[in-house]
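Here's a small set of exercises to work through with the model open in your viewer. Try each task before you read its solution.

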Amino acid sequence: RRAEALRPVTPPPAPRTEGPPGLDRDEIFSADYGSRVLGDTGTILTSPLRWDSGDWMIAAGVGAATAGLMFLDKGIRHQIQKNQNEFTDSAASVLRPLEEFVPIALVAGIAGTGYAFDIPKLKAVSADALEASLISVGALAVPTKFFTGRSRPDRNLGPTHYQAFNLGSSLPSFTTANAFAVASVLSEHFPHPAVSVLAYGLAGAAGLSRVYDDKHWMSDVFLGAAIGTVVGKAVVKLNQERREKSRLSVVPLVGQGIQGAALQLEF
């Protein structure tokens, strides 16, 4: 009788057709994508309330490194501008597309391929990358720039000149934050050393290009890179946990003398 009770007599649920379990079919274009981004933004912004000692040590390290670079910004800028030549100008012209075009093209290309060939993994990657970009730039980098108002190096006011409530200011580099957000998402989803080196290498080149063009101080780029990396990793972790939970479903058990339900875990 125990065996009979555990055997569902109703037809089994129709098999899922969206691909591997735990991945939404319409990641970016789903109706709740916006609410998902807003919810994750709130979780990330309030995360210091849940940090442990290790997290605070990392935050302190990032703050100390940013402050240290601020003391070196003027000298670094002088050396970079002083040693520019035809070769470095040519190299910079090659690296400039990495600032904004390449991250956008990567996300669009991954999303396009995922939807064109119905590949849930690529849909998830593009959704996470877009979300990480929106949070790192819109919720962290841009507000910080607005409230700090640090002058850009090409204004020749020095690295210690601040004028709050200035959206066109320097600290941090949201271009670098965006590049590292995409890079960290790709590195987390495709955990291979070659992917990490390529992704972070391109993001780093984008940041250095901003310094070379005298649009940002080195400390601006470092802080932007830290923001993008942390947000990208956090977004992937949040969504992986969400996808893992979506693998659990309830299966009804109805039959002669049997009424109830069973939990079904797909793996």
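**Exercise 1. A bridge between two loops**

Task: Find out where K215 and D154 sit, and how far apart in sequence the parts are that their salt bridge ties together.

Solution. Start with the pair itself: the side chains of K215 and D154 form a salt bridge, at 3.2 Å from N to O. A salt bridge here takes a side-chain nitrogen of Lys or Arg within 4 Å of a carboxyl oxygen of Asp or Glu. Next, place the partners: K215 is in the loop between α8 and α9 (218-245), and D154 is in the loop between α6 and α7 (174-189), so the bridge ties together parts 61 residues apart in sequence. Helices are DSSP runs of H or I with at least four residues, numbered from the N terminus. Last, check exposure: K215 has 32% relative accessibility and therefore counts as partly exposed. D154, at 32% relative accessibility, also counts as partly exposed because of the cut-offs: buried is under 20% relative accessible area, exposed is over 50%, and partly exposed is in between, with a 1.4 Å probe and protein chains only.

Some housekeeping before you go on: this is a predicted model, where local features need pLDDT of at least 70 and side-chain atom pairs count only at pLDDT 80 or more, while totals for chains, interfaces and linings use all residues. Residues are numbered from 1 along each chain as its sequence is written, and side-chain values use heavy atoms, with hydrogens and water left out.

**Exercise 2. Two buried bridges**

Task: Work out which elements hold R36 and D128, then do the same for E99 and R210.

Solution. The structure has 11 salt bridges, and one of them joins R36 to D128 at 3.3 Å, N to O. R36 belongs to helix α2 (residues 33-45) and D128 to helix α6 (residues 120-148), so this pair links parts 92 residues apart in sequence. Both R36 and D128 are buried.

Now the second pair: E99 and R210 form a salt bridge with their closest N and O atoms 3.3 Å apart. E99 is in the loop between α4 (86-95) and α5 (101-116), whereas R210 is in helix α8 (residues 193-212), so the bridge connects parts 111 residues apart in sequence. E99 and R210 are both buried.

For a follow-up, look at S209, which is in helix α8. S209 counts as buried because its relative accessibility is 2%. Skipping neighbours within four places in sequence, S209 is in contact (heavy atoms within 4.5 Å) with A92, L95, R96 and E99.

**Exercise 3. The largest nonpolar core**

Task: Which residues of the largest nonpolar core touch the most other members?

Solution. First, the criterion: a nonpolar core is a set of buried Ala, Val, Leu, Ile, Met, Phe, Trp, Tyr and Cys residues joined through side-chain atoms within 4.5 Å. The largest core has 24 residues, and the best-connected are I44, A132, I135, V231 and V235. Elements giving two or more residues to this core are α2, α5, α6, α7 and α9. Zoom in on I44: leaving out residues up to four places away in sequence, I44 touches I135, V231, A234, V235 and L238.

**Exercise 4. Pockets and a cavity**

Task: What lines the largest pocket, and which residues line the largest cavity?

Solution. Set up the search on a 1 Å grid over the protein atoms alone: a cavity is a set of points where a 1.4 Å probe fits but cannot get out, a pocket is an open set with protein on both sides within 12 Å along at least five of seven lines, and lining residues have an atom within 4 Å of a point. Grid points are joined across faces, edges and corners, and a volume is the space filled by probe spheres set on the points.

- The largest pocket has about 940 Å³ of space.
- It has 27 lining residues, with I44, S47, W51, V230 and A234 closest to the centre.
- α9 gives the most to this lining, 13 residues.
- The second largest pocket holds about 230 Å³, and α6 gives the most to its lining, with five residues.

Finish with the cavity: there is one of 30 Å³ or more, and the largest has about 40 Å³ of space. Its lining is D73, I76, R77, V211, D214, H216, W217 and M218, and α3 gives the most, with three residues.
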